[in-house]
Amino acid sequence: MQRCSGSWRAAAGVRRLATATSGSTSHPDISSRVPPYPKLLKKLHDVRSILKPSRKLSLAEKVLYSHLDDPEESLLSDPSNGCKIRGFSNLKLKPDRVAMQDASAQMALLQFMSCGLPSTAVPASIHCDHMIVGEKGADVDLPSSIQGNKEIFDFLESAGKKYGIEFWPPGAGIIHQTVLENYASPGLMMLGTDSHTPNAGGLGAIAIGVGGADAVDALVDAPWELKVRDAFHQAA
């Protein structure tokens, strides 16, 4: 899925809001930005069936456990048979979305391409922001960075077109703010190759910053593993 056409190069010197784009813009499939709520609710029901009916879960646990690849395998893997999940169990999760910044997206995409898949298993996006060097102001820095990194940006844009990944060109905004404004939703679980990815948690999502190799797990539909932390709050 392509976010913008190649006209971003001609208008690179124009600075706009985080979600603004220049030139002609394709209309993305908004349904791909909504978490699969029916699927998540069914998974949560399965989790409730596996654990004791009286077992209280925090909101964070509900969102996290609803993304388990195999609830029984993950929740009953500890010696206590599900009684001591926090701080002990390693969960195998299936995130809903992946976001990649331009510096780390390069290796992630090369790894993904080696798998020979026609498209990503989950919706994904590429954000060209980390390779924009701030020095003299946007009017000078943006065109200069685009010229200096043209080969990289062209590769990322072409990979986005080929594999159905939304492409946010240089000047379209900072990744963690663009994600918050366009992709974050209550109940969503996403991985992002940026340390500010948890910013999307402000809208009730579980958003985790990872390296490029971890992002590839989700892109190819492989379970992503996470050890459960030993403290959750707001049980209900």
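Two residues are in contact when heavy atoms of theirs lie within 4.5 Å of each other. With that in mind, open the whole protein chain, which is a predicted model, and begin with its overall make-up: among contacts between residues at least 6 apart in sequence, 69% join residues at least 24 apart. The protein chain has eight helices and seven strands, and of its 236 residues, 44% count as buried.

**First stop: Lys92 and Glu73**

The structure holds six salt bridges, and the tour visits some of them. Select Lys92 and Glu73, whose side chains meet in a salt bridge with a distance of 3.0 Å from N to O. This pair links distant parts of the chain, since Lys92 belongs to strand 1 (residues 90-93) while Glu73 belongs to helix 3 (residues 71-75), 19 residues apart. Colouring by accessibility would show Lys92 as partly exposed, at 27% relative accessibility, and Glu73 as partly exposed too, at 39%.

**Second stop: Lys94 and Asp221**

Move along the chain to Lys94 and add Asp221 to the selection; these residues form a salt bridge in which the closest N and O atoms are 3.2 Å apart. Here again the pair links distant parts of the chain, with Lys94 in the loop between strand 1 and strand 2 (97-101) and Asp221 in the loop between helix 8 and strand 7, 127 residues apart. Lys94 has a relative accessible area of 21% and is partly exposed, and Asp221, with a relative accessible area of 43%, is partly exposed as well.

**Third stop: Ala222**

Now select Ala222, which is placed in the loop between helix 8 (212-219) and strand 7 (224-227). What does Ala222 contact, leaving aside its neighbours within four places in sequence? The residues to highlight are Leu93, Lys94 and Asp217. Lys92, visited at the first stop, can be used for a distance check: the C-alpha atoms of Ala222 and Lys92 are separated by 9.0 Å, although the two residues are 130 residues apart along the chain. Ala222 counts as partly exposed, because its relative accessibility is 25% and the partly exposed class runs between 20% and 50%.

**Fourth stop: Lys150 and Asp154 in helix 6**

Go next to helix 6 (150-163) and show the side chains of Lys150 and Asp154, which meet in a salt bridge of 2.7 Å, N to O. Lys150 and Asp154 are four residues apart in helix 6, so about one helical turn separates them. Lys150 counts as partly exposed at 46% relative accessibility, and Asp154 likewise counts as partly exposed, at 23%. Elsewhere, salt bridges that share partners join Asp69, Lys94 and Asp221 into one network, and adding Asp69 to the selection from the second stop brings these three residues into view together.

**Fifth stop: the two sides of helix 5**

Select helix 5 (residues 138-148) and, within it, the buried residues Asp141, Leu142, Ser145 and Ile146. Viewed down the axis of helix 5, these buried residues fall within an arc of 125°, so they line one face of the helix. Helix 6 is included in what covers the buried residues of helix 5. Turn the view to the face directed away from the buried side, and the exposed residues Asp139, Gln147 and Gly148 are there.

**Sixth stop: Asp194**

Continue to Asp194, in the loop between strand 5 (189-192) and strand 6 (206-209). Which side chain of opposite charge is nearest to Asp194, and how far away is it? It is Arg97, 14 Å away, and Asp194 is buried yet has no salt bridge. The side chain of Asp194 is, however, joined to that of His130 by a polar contact of 3.0 Å. To see the surroundings, select the residues that Asp194 touches, not counting those up to four places away in sequence: Gln101, His130, Ile175, His176, Gly209 and Val210.

**Last stop: Cys115 and Cys128**

Finish with two cysteines, one after the other. Is Cys115 buried or partly exposed? Cys115 is partly exposed, with a relative accessible area of 42%, whereas Cys128 is buried, with a relative accessible area of 2%. A disulfide is a covalent bond between the sulfur atoms of two cysteines. Counting a disulfide as a pair of cysteine sulfur atoms within 2.5 Å, the number of disulfides comes to zero.

Conventions:
Residues numbered from 1 in each chain as written. Predicted model: local features only at pLDDT ≥ 70, side-chain atom pairs only at ≥ 80, totals over all residues. Heavy atoms only, no water. Buried < 20%, exposed > 50% of the residue type's maximum accessible area, 1.4 Å probe, protein only. Lys, Arg positive; Asp, Glu negative; His and termini not counted. Salt bridge = Lys/Arg side-chain N within 4 Å of Asp/Glu carboxyl O. Polar contact = N/O pair within 3.5 Å; in protein donor to acceptor, adjacent residues only side chain to side chain. Arc of directions from axis to C-beta.
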